[in-house]
Amino acid sequence: MKALVTGGSGFLGRYLVERLLADNVEVRTFCRRASEPLRQLGVEQVLGDLRSFEDVARAVAGCDAVFHVAAFPSVVMDPRPYYETNILGARNVVAACLAKKARRLVYTSTQCVANTIESQEGVDESTPYAPQFLAWYQMTKAIAEQFVRAANYAPWTDDYDFGGLDLSPTRFRSLNTRFTITQPKRDPTREDALMTVALRPHLIWGPRDRHLIPRLIQRARAGKLARVGDGTNRLATIYVANCADAHKLACDALVPCGPAPGSVYYVSQPEPINCWKWIDDLLALVDEPPVKKSISFQTAWRLGIALEKIYSILRIKSEPTMTRFLATQFAKSYWFDTSRAQRELGFQPKISTQEGMRLLGEDLRAHFATQ
């Protein structure tokens, strides 16, 4: 099998590349810039832009399976980068898979596409999409997840029309939670067709993360990290190597007439963690004291509304320190029933949270020792 990994130089992407190589899969990556770690792994690197169908099609050509990991995860107020990467990029990946005759597509979605403002505990894949989108990331990933799944069993073609859905930059903002793409009834036995599946991980963590966890630590060191809510909320998380394993299992499960094609799966560690105890544990890994400051969810929510308006009106390009989306993620509980992934994909996390934290601690101490 020959597989393409978009975003292969990123945090999850690189672990996925290593996971595929361990199974003797021939790997190609698609990124904007060349990566020295990928060069050392000996994988083929195709450079290009997700916004360009020609670039994406060039990367997909000759691949049996495609893992679309690349995304724009942020809380900036400008909708343009979310549209260009999360919608246009995913559209180009689907169209390229169909034009270049790829057989399997695994899409990295996110649990937040179904998040409500209130806590969700033990929910499963039958939960509908969020009744209100609080962030461009949440909205664009929900749209992309739907049209990826709707392309399941679509016959190979050069002119797939996405069901007539208008995904132009002037129209995508009008799409809302009432919009859904119906998966057409297609022949699951034909071999000249694409099979798709989506995974919904939450809070991917582990060694080599140079974004989420280091930023939490840096904010804590600067005295700018405050607990939101009462500190009792629990979250699903997933150790990065376990997440990479789930992607390989999902690809293997894409067999005609099986349960995986066209489906979505929550994947996480076996037990949810207490959000703020976990953050305190992360800080302890680098000998930082626990978080002492706190604000209520209501205060964080109101602050988020104000900052969203200010950043939008003034077109400030950086991320606000608080948004409504961040307020919910830091104060509410979000964890899921992963029994479907266990049953249909055979997903069982190999690395425990305790072992993952030990490995993360070694990495963080080495990283921050050089800062």
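Is Arg358 buried, partly exposed or exposed? In this predicted model, Arg358 counts as partly exposed, at 41% relative accessibility. The side chain of Arg358 meets that of Glu362 in a salt bridge, with an N to O distance of 2.7 Å. Both residues belong to helix α12, where they are four residues apart and thus separated by about one helical turn. Glu362 is likewise partly exposed, its relative accessible area being 43%.

Side chains of opposite charge can pair when their charged atoms come close. Across the whole structure, 27 salt bridges were found. One of these is formed by Arg39 and Glu36, whose closest N and O atoms are 2.6 Å apart. Helix α2 (residues 36–41) holds both Arg39 and Glu36, three residues apart, or about one turn of the helix. Arg39 is exposed, with a relative accessible area of 51%, while Glu36 is partly exposed, with a value of 39%.

A salt bridge of 3.8 Å, N to O, was also found between the side chains of Lys350 and Asp245. Lys350 is located in the loop between α11 (339–345) and α12, and Asp245 in helix α7 (residues 240–252), so this salt bridge ties together parts that are 105 residues apart in sequence. The two partners have opposite surroundings: Lys350 counts as exposed, at 66% relative accessibility, whereas Asp245 counts as buried, at 5%. Lys350 and Asp245 also belong to a network of salt bridges with shared partners, which further takes in Arg19, Asp23, Lys248 and Asp252.

Turning to the interior, the largest nonpolar core comprises 47 residues. Within this core, the residues with the most contacts are Ile213, Trp278, Ile279, Leu282, Leu360 and Leu364. Two or more core residues come from each of α6 (212–221), α8 (275–285), α9 (297–313), α10 (324–331), β15 (334–336) and α12 (353–369). The contribution of α8, seven residues, is the most given by any element. When neighbours within four places in sequence are left aside, the contacts of Ile279 are Leu216, Leu225, Val291 and Phe330. Another core, of 42 residues, lies apart from the largest one and has Val60, Phe133, Phe147 and Leu167 among its members.

Aromatic residues were examined next. The structure holds nine aromatic pairs. In one of them, the ring centres of Phe147 and Phe162 are 5.3 Å apart and the ring planes stand at 85 degrees, so the arrangement is edge-to-face. This pair links distant parts of the chain, with Phe147 in helix α5 (residues 136–150) and Phe162 in the loop between α5 and β7 (195–200), 15 residues apart. Both Phe147 and Phe162 are buried. Together with Tyr160, Phe147 and Phe162 make up one aromatic cluster.

Trp205 and Tyr239 form an edge-to-face aromatic pair as well, at 5.2 Å centre to centre and with 75 degrees between the planes. Trp205 lies in strand β8 (residues 204–205) and Tyr239 in strand β11 (residues 238–239), so parts that are 34 residues apart in sequence are tied together by this pair. Both Trp205 and Tyr239 are buried.

Charged groups were also found over aromatic rings. The charged end of Arg208 sits over the ring of Tyr15, at 4.1 Å from the ring centre. Arg340 lies over the face of Tyr265, with a distance of 4.9 Å to the centre of that ring.

A disulfide is a covalent bond between the sulfur atoms of two cysteines. The structure holds zero disulfides. Cys63 takes part in no disulfide, and the nearest cysteine sulfur, that of Cys97, is 8.8 Å away. Cys63 counts as buried, at 2% relative accessibility. For Cys257, the closest cysteine sulfur is in Cys251, at 17 Å, which is too far for a bond. In contrast to the buried Cys63, Cys257 is exposed, with a relative accessible area of 54%.

Notes
Residues are numbered from 1 along each chain as its sequence is written. This is a predicted model: local features need pLDDT of at least 70, side-chain atom pairs count only at pLDDT 80 or more; totals for chains, interfaces and linings use all residues. Side-chain values use heavy atoms; hydrogens and water are left out. A nonpolar core is a set of buried Ala, Val, Leu, Ile, Met, Phe, Trp, Tyr and Cys residues joined through side-chain atoms within 4.5 Å. Buried means under 20% relative accessible area, exposed over 50%, partly exposed in between (1.4 Å probe, protein chains only). Contact means heavy atoms within 4.5 Å. A salt bridge is a side-chain nitrogen of Lys or Arg within 4 Å of a carboxyl oxygen of Asp or Glu. A disulfide is a pair of cysteine sulfur atoms within 2.5 Å. Rings of Phe, Tyr and Trp (its six-membered ring) pair if their centres lie within 6.5 Å; planes under 30 degrees apart count as stacked, over 60 as edge-to-face and the rest as tilted. A charge sits over a ring if NZ of Lys or CZ of Arg is within 6 Å of the ring centre and within 35 degrees of the ring normal.
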